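Please report on the helices, salt bridges, aromatic pairs and surface of this model.

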Amino acid sequence: LHVYAVDFGGGGLAGLAGLPHCGAVLAANERERHQRLIRFLADEVARRRDLDAATRASEPQIVVAVDGAPAFLADFDGLEGQETLDAFKRVLAEGTGVGVSFILTADRSGALPMRLLASVTCRYLFHQADPGDFATIGVRPRELPDFVPGRAVHGDSKLVTQIACVGDSRAMVASIAAAAAADPVVRLPDAIEALPTAITTGTV
């Protein structure tokens, strides 16, 4: 499993960078790295499509978490960002079949465009400021549970579910990293680095 994260949610995903199978955690202001990540994912989806089924099955699963997806999309809402936005939509739509999946978060149910929602196969609605938003998944306000942190309604089954609250994520990451040191990751993810702001020259 290879993990990439784009954090438009206030830095909550920064700790994932300490995981040995995390290729990158990108902050909201790293637009160049956002573009490079999407290009990498688009190339990876295209490469995997050309593999035979057995070889494709041996490829690492890739999970891309985008916390604050509407803000991420808005950052490329313009002529200069159209190519990146189109590539993102293609990867979202086509990636699942070749082992590239996304986790997207939004602050309200209607924040993502309908065209994008068509590619989302599973939705969880947490506490909403407007209970009427649950009508989008066919749940009436009087049918809602008492919400506590981590509690949500599954969009398809309408069942109430509880997402685990990690607590101290730094301790969790340190524990996973220590376990990985004893049992090293065989195939590390590709890093998505930023281009340097300055370079030096010299003689060889």
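The report below takes the helices, then the charged pairs, the rings and a surface patch.

This is a predicted model, in which local features need pLDDT of at least 70, side-chain atom pairs count only at pLDDT 80 or more, and totals for chains, interfaces and linings use all residues. Residues are numbered from 1 along each chain as its sequence is written, and side-chain values use heavy atoms, with hydrogens and water left out.

**Helices**

Helices (H or I, at least four residues) and strands (E, at least two) are DSSP runs, numbered from the N terminus. The expected span of a helix is 1.5 Å times one less than its number of residues. H1 has 19 residues and should span 27 Å. Its end C-alpha atoms are 27 Å apart, which agrees. Helix H4 (residues 82-94) has 13 residues. H4 reaches 18 Å from its first C-alpha to its last, close to the 18 Å expected.

Buried means under 20% relative accessible area, exposed means over 50%, and partly exposed lies in between (1.4 Å probe, protein chains only). The buried residues of H1 are Arg33, His34, Leu37, Ile38, Phe40, Leu41, Glu44, Val45 and Arg48. Seen down the axis of H1, they fall within an arc of 160°, so they line one face of the helix. The arc is that of the directions from the helix axis to the C-beta atoms. In H4, the buried residues are Thr84, Leu85, Ala87, Phe88, Val91 and Leu92. These also fall within an arc of 160° down the axis of H4, so they line one face of that helix.

**Salt bridges**

The structure holds 11 salt bridges. Each is a side-chain nitrogen of Lys or Arg within 4 Å of a carboxyl oxygen of Asp or Glu. The table gives some of them.

| Acid | Base | N to O distance |
|---|---|---|
| Glu30 | Arg33 | 3.0 Å |
| Glu59 | Arg48 | 3.9 Å |
| Glu59 | Arg187 | 3.3 Å |

Glutamate 30 is partly exposed, with a relative accessible area of 23%. Its partner arginine 33 is buried, at 11%.

What does the salt bridge of glutamate 59 and arginine 48 tie together? Glutamate 59 lies in the loop between helix H2 (53-57) and strand S3 (62-67) and arginine 48 in helix H1 (residues 31-49), so the pair ties together parts that are 11 residues apart in sequence. Both glutamate 59 and arginine 48 are buried. Glutamate 59 has 10% relative accessibility.

Arginine 187 lies in the segment after helix H6 (169-182), so its pair with glutamate 59 ties together parts that are 128 residues apart in sequence. Arginine 187 is partly exposed, with a relative accessible area of 42%. A network of salt bridges links Glu44, Arg47, Arg48, Glu59 and Arg187.

**Aromatic pairs**

There are six aromatic pairs. Rings of Phe, Tyr and Trp (its six-membered ring) pair if their centres lie within 6.5 Å; planes under 30 degrees apart count as stacked, over 60 as edge-to-face and the rest as tilted. The rings of phenylalanine 8 and phenylalanine 72 have centres 6.0 Å apart and planes at 75°, so this pair is edge-to-face. Phenylalanine 8 is in the loop between strand S1 (2-7) and strand S2 (22-27), and phenylalanine 72 is in helix H3 (residues 69-74), 64 residues apart. Both are buried. Ring pairs join Phe8, Phe72, Phe76, Phe88 and Phe102 into a cluster.

**Surface patch**

Tyr124, Phe126 and Ile163 make a nonpolar surface patch of about 260 Å². Patches are made of residues with over 30% relative accessible area and no salt bridge: like charges are joined within 9 Å, nonpolar side chains (Val, Leu, Ile, Met, Phe, Trp, Tyr) within 5 Å. Accessible areas come from the Shrake-Rupley method with a 1.4 Å probe; for residues, only the protein chains shown count as cover. Phenylalanine 126 is partly exposed, at 35% relative accessibility.
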